[in-house]
Amino acid sequence: MRGADVARYGTLATVWGVSFAVLARAERTFGWVGAVAFRALIAGAVVALVALLGRRRLDFTAGWWPFAVIGATTVAGQLIGVSYATPRIGSAMAAIFVATIPLFSMVIGHLWGLERMTVRGWAGLLLGIAASSC
């Protein structure tokens, strides 16, 4: 690993850790509803800005229902859960729970038949669970 890679990972780790401290502060300041609404507003603005800068058109022709289901289950559910729980369990434990989201997503995708897990995938899942529980 090169020095530039170490610097990038260090920056990523710092931003990741600080984001949970900011989340805890925002929840104390605005309450969990305000923190969720603010984060959702920022996320929507970033998506719109990226589409605008990339000269890409956002396509909503599929109707509102698929977007509502995805938004409620993947975005709102996670934001509400993390914002509500962080002051109660601490920012470090919240970061651990958020880091396990890809593991749970992998299992759900497998159970729903959306993707097939290979032996390598199962090994990664077990390693991820072991690392999360340490």
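Which side chains meet in a salt bridge with an N to O distance of 3.8 Å? In this predicted model, the side chains of Asp5 and Arg2 do so, a salt bridge being a side-chain nitrogen of Lys or Arg within 4 Å of a carboxyl oxygen of Asp or Glu. Because the model is predicted, local features need pLDDT of at least 70 and side-chain atom pairs count only at pLDDT 80 or more, whereas totals for chains, interfaces and linings use all residues. Residues are numbered from 1 along each chain as its sequence is written, and side-chain values use heavy atoms, with hydrogens and water left out.

The chain contains 5 helices and 0 strands, where helices (H or I, at least four residues) and strands (E, at least two) are DSSP runs numbered from the N terminus. Read from the N terminus, the order of elements is accordingly α-α-α-α-α. The C-alpha trace spans about 40 × 40 × 35 Å along its principal axes. Of the 134 residues in the chain, 16% are buried, with buried meaning under 20% relative accessible area, exposed over 50%, and partly exposed in between (1.4 Å probe, protein chains only). Among contacts with a separation of 6 or more, 53% come from residues 24 or more positions apart, a contact being heavy atoms within 4.5 Å. The chain exposes about 10100 Å², of which carbon and sulfur atoms supply 72%; accessible areas were obtained by the Shrake-Rupley method with a 1.4 Å probe, and for residues only the protein chains shown count as cover.

With regard to charge, the chain carries 11 positive and 4 negative side chains, and the centres of the two sets lie 4 Å apart. Here Lys and Arg count as positive and Asp and Glu as negative, while His and the chain ends are not counted; the place of a charge is taken as NZ of Lys, CZ of Arg, CG of Asp or CD of Glu. The structure holds 2 salt bridges. Besides its pairing with Arg2, Asp5 forms a salt bridge with Arg8 at 3.3 Å, N to O. Asp5 and Arg8 are separated by about one helical turn, because they stand 3 residues apart in helix H1 (residues 3-53). Salt bridges that share partners thus join Arg2, Asp5 and Arg8 into one network. Both arginines of this network are exposed, Arg2 with a relative accessible area of 56% and Arg8 with 54%.

A contrasting case is Glu27, which also lies in helix H1. Glu27 is buried yet has no salt bridge, and the nearest side chain of opposite charge, Arg88, is 4.6 Å away. Not counting residues up to four places away in sequence, Glu27 touches Trp32, Ala35, Ser83 and Pro87. The C-alpha atom of Glu27 is separated by 9.7 Å from that of Ala85, a residue 58 positions away along the chain. Ala85 lies in helix H2 (residues 64-89) and is partly exposed, with a relative accessible area of 23%.

Aromatic rings of Phe, Tyr and Trp (its six-membered ring) were paired if their centres lie within 6.5 Å, with planes under 30 degrees apart counted as stacked, over 60 as edge-to-face and the rest as tilted. By this rule, the count comes to 4 aromatic pairs. One of them is tilted, because the rings of Phe30 and Phe38 have their centres 6.4 Å apart and their planes at 35°. Phe30 is exposed at 56% relative accessibility, whereas Phe38 is partly exposed at 46%. The rings of Trp32 and Tyr84, with centres 6.0 Å apart and planes at 85°, form an edge-to-face pair. This pair links distant parts of the chain, since Trp32 belongs to helix H1 and Tyr84 to helix H2, 52 residues apart. Trp32 is partly exposed at 31% relative accessibility, as is Tyr84 at 42%.

Two further positions concern the loop between H1 and H2 and helix H5. Most residues other than glycine have a negative phi. Arg55, located in the loop between H1 and H2, has a positive phi near 55° and is exposed, with a relative accessible area of 80%. Gly124 is placed in helix H5 (residues 119-132) and is partly exposed at 35% relative accessible area. Gly124 and Leu103 lie 21 residues apart in sequence, with 8.8 Å between their C-alpha atoms.
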